Amino acid sequence: MIDIREVKTIEQLEQVQQLEYDVWRMPPIPIHQTLTAVKNGGIVVGAYDGDKLVGYSYGFAGFREGKSYLCSHMLGIDEHYRSQGIGESLKQAQQAIAVERGYDLMVWTFDPLETRNGYLNLSKLNGICHTYVENCYGEMQDGLNKGLPSDRFEVSWYLTSDYVVNDVAIDATTAVNVASCTLNEQGLPYLKISENSIFNKEVYTLPVPRDFQTLKALDPALALDWRLKTRQLIQSLFVQGYTAVQLQQQENYNEYVLVKLATLGLEGAN
């Protein structure tokens with residue numbers, strides 16, 4: 001039985017530090033920083049199996065263009081506890097605490113080619129993405145990110161909106177695909193894009209690999225090709241007013257669903 005509860009003490013934050021290192025194999029955030037964040041509008045939530053911390057989400061208070069929000073900076077799960085819904089439970093607990101404390105918006109980033117994260121953030125939580133940041137964290141050296149530009153989606157999660165609270169569905173049956181995905185001679189997915197850069201349909205889909213880490217290990221050059229081509233297409237769509245709202249599965253690949261941001265009825269979204 002996994003217990004989800006807020007993390008507040010130095011001893012609990014020491015557990016977070018250890019799990020952070022175990023997940024990313026990088027020096028963890030100093031406790032003096034995470035403790036200060038907790039005392040000043042930040043929220044850390046832990047998932048416990050008995051006394052053992054097996055997952056956590058760490059966020060701090062943010063402010064941009066006159067708007068306060070919670071910046072959810074990290075979410076990590078012990079490798080033996082993944083694919084059990086713990087990430088979703090952590091985000092839901094974080095949402096409840098954030099709303100209680102007066103937040104109505106949470107933001108965080110993730111790699112758009114890491115589709116497990118995309119499914120959680122968009123399809124499960126009803127977050128949306130219309131901001132693309134090239135090489136967001138520079139050249140990262142951990143196992144998940146080494147060797148490629150650290151491009152990121154920024155998720156906007158409108159915590160109290162009708163779109164999130166009532167889990168508003170998006171009809172993607174009439175979606176138009178902005179590119180085609182085929183398998184190359186090695187059986188790996190390859191993206192072919194058209195010359196069209198003007199988008200005027202209601203709904204679009206964009207193919208992405210189902211397992212980007214395996215693809216990157218087998219063919220780093222192809223992984224970079226995916227990064228650069230999807231970067232080009234996504235930025236073009238975002239500039240023309242679209243936002244990513246779902247991630248769904250096809251036979252040989254996954255795909256993002258994108259609609260016009262203005263159609264979602266999210267007050268203050270831009």
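A residue is called exposed here when its relative accessible area is over 50%, and buried when that area is under 20%. The model is a predicted one, and the tour begins at a residue to which the first of these cut-offs applies.

**Two exposed residues with positive phi**

Select Glu65, which sits in the loop between E3 and E4. With a relative accessible area of 76%, Glu65 is exposed because that value is over 50%. Its phi is near 50°, a positive value in a residue that is not glycine. As background for this stop, most residues other than glycine have a negative phi.

Move next to Ser83, in the loop between E4 and helix H3 (86-100). The phi of Ser83 is likewise positive, near 60°, and again the residue is other than glycine. Ser83 is exposed, its relative accessible area being 66%.

**Helix H1**

Now select residues 10-24, which form helix H1. This helix has 15 residues, and the distance from its first C-alpha to its last is 21 Å, close to the 21 Å expected at 1.5 Å a residue. Within H1, colour Gln12, Leu13, Val16, Leu19, Glu20 and Trp24, which are buried. Looking down the axis of H1, you will find these buried residues within an arc of 115°, so they line one face of the helix. The general reason for such a pattern is that an α-helix has 3.6 residues a turn, so residues three or four places apart point the same way.

What lies over that face? The cover of the buried residues of H1 includes strand E1 (2-6), helix H2 (31-39), strand E2 (43-49), strand E3 (52-64) and strand E4 (67-77). Before leaving the helix, step on to Arg25, which follows H1 and has a positive phi, near 55°.

**Helix H2**

From the elements that cover H1, take H2, and select Ile31, Thr34, Leu35, Ala37 and Val38, which are buried in this helix. Viewed down the axis of H2, its buried residues fall within an arc of 160°, so they too line one face of their helix. They pack against H1, E2 and E3. Turning the helix to its other side brings His32 and Lys39 into view, and these are exposed. Just after H2 comes Gly41, with a positive phi of about 95°.

**The largest cavity**

The structure holds two cavities of 30 Å³ or more, and the largest cavity contains about 50 Å³ of space. To find it, select its lining residues, Leu13, Val16, Gln17, Glu20, Ile29, Thr34, Val44, Tyr56, Tyr58 and Met74. Which elements give two or more residues to this lining? They are H1 and E3, and H1 supplies the largest share, four residues. Leu13, Val16 and Glu20, already coloured as buried residues of H1, are among the residues that line this cavity, as is Thr34, met above as a buried residue of H2. Sorted by class, the lining has seven nonpolar, two polar and one charged residues.

**Helix H4 and strand E6**

Go next to helix H4, residues 115-124, where the buried residues are Thr115, Gly118, Leu120, Asn121 and Leu122. H4 is followed by Asn126, whose phi is positive, near 65°.

A little further along the chain, select Ile128 in strand E6 (residues 128-133). Is Ile128 buried or exposed? At 0% relative accessibility, Ile128 counts as buried. Leaving out residues up to four places away in sequence, Ile128 touches Leu122, Glu154, Val155, Ser156, Tyr158, Tyr163, Thr243, Ala244, Val245, Leu261, Leu264 and Leu266; one of these, Leu122, is a buried residue of H4. For a sense of distance, draw a line from Ile128 to Ala98: the two are 30 residues apart in sequence and 18 Å apart in space, C-alpha to C-alpha.

**Phe238, the last stop**

Finally, select Phe238 in helix H7 (residues 220-239). Phe238 is buried, with a relative accessible area of 12%. With its neighbours within four places in sequence set aside, Phe238 is in contact with Cys129, His130, Thr131, Tyr132, Phe153, Thr243, Ala244 and Leu258. Thr243 and Ala244 in this list are also touched by Ile128. Measuring tools in the viewer can be set on Phe238 and Cys129, which are 109 residues apart in sequence and 8.8 Å apart in space, C-alpha to C-alpha.

Terms used: Residues numbered from 1 in each chain as written. Predicted model: local features only at pLDDT ≥ 70, side-chain atom pairs only at ≥ 80, totals over all residues. Heavy atoms only, no water. Expected span 1.5 Å × (residues − 1). Buried < 20%, exposed > 50% of the residue type's maximum accessible area, 1.4 Å probe, protein only. Arc of directions from axis to C-beta. Contact = heavy atoms within 4.5 Å. 1 Å grid on protein atoms, 1.4 Å probe; cavity = no way out; pocket = protein on both sides within 12 Å on 5 of 7 lines; lining within 4 Å. Points joined across faces, edges and corners; volume = space filled by probe spheres on them. Nonpolar A, V, L, I, M, F, W, Y, C, P; charged D, E, K, R; others polar.
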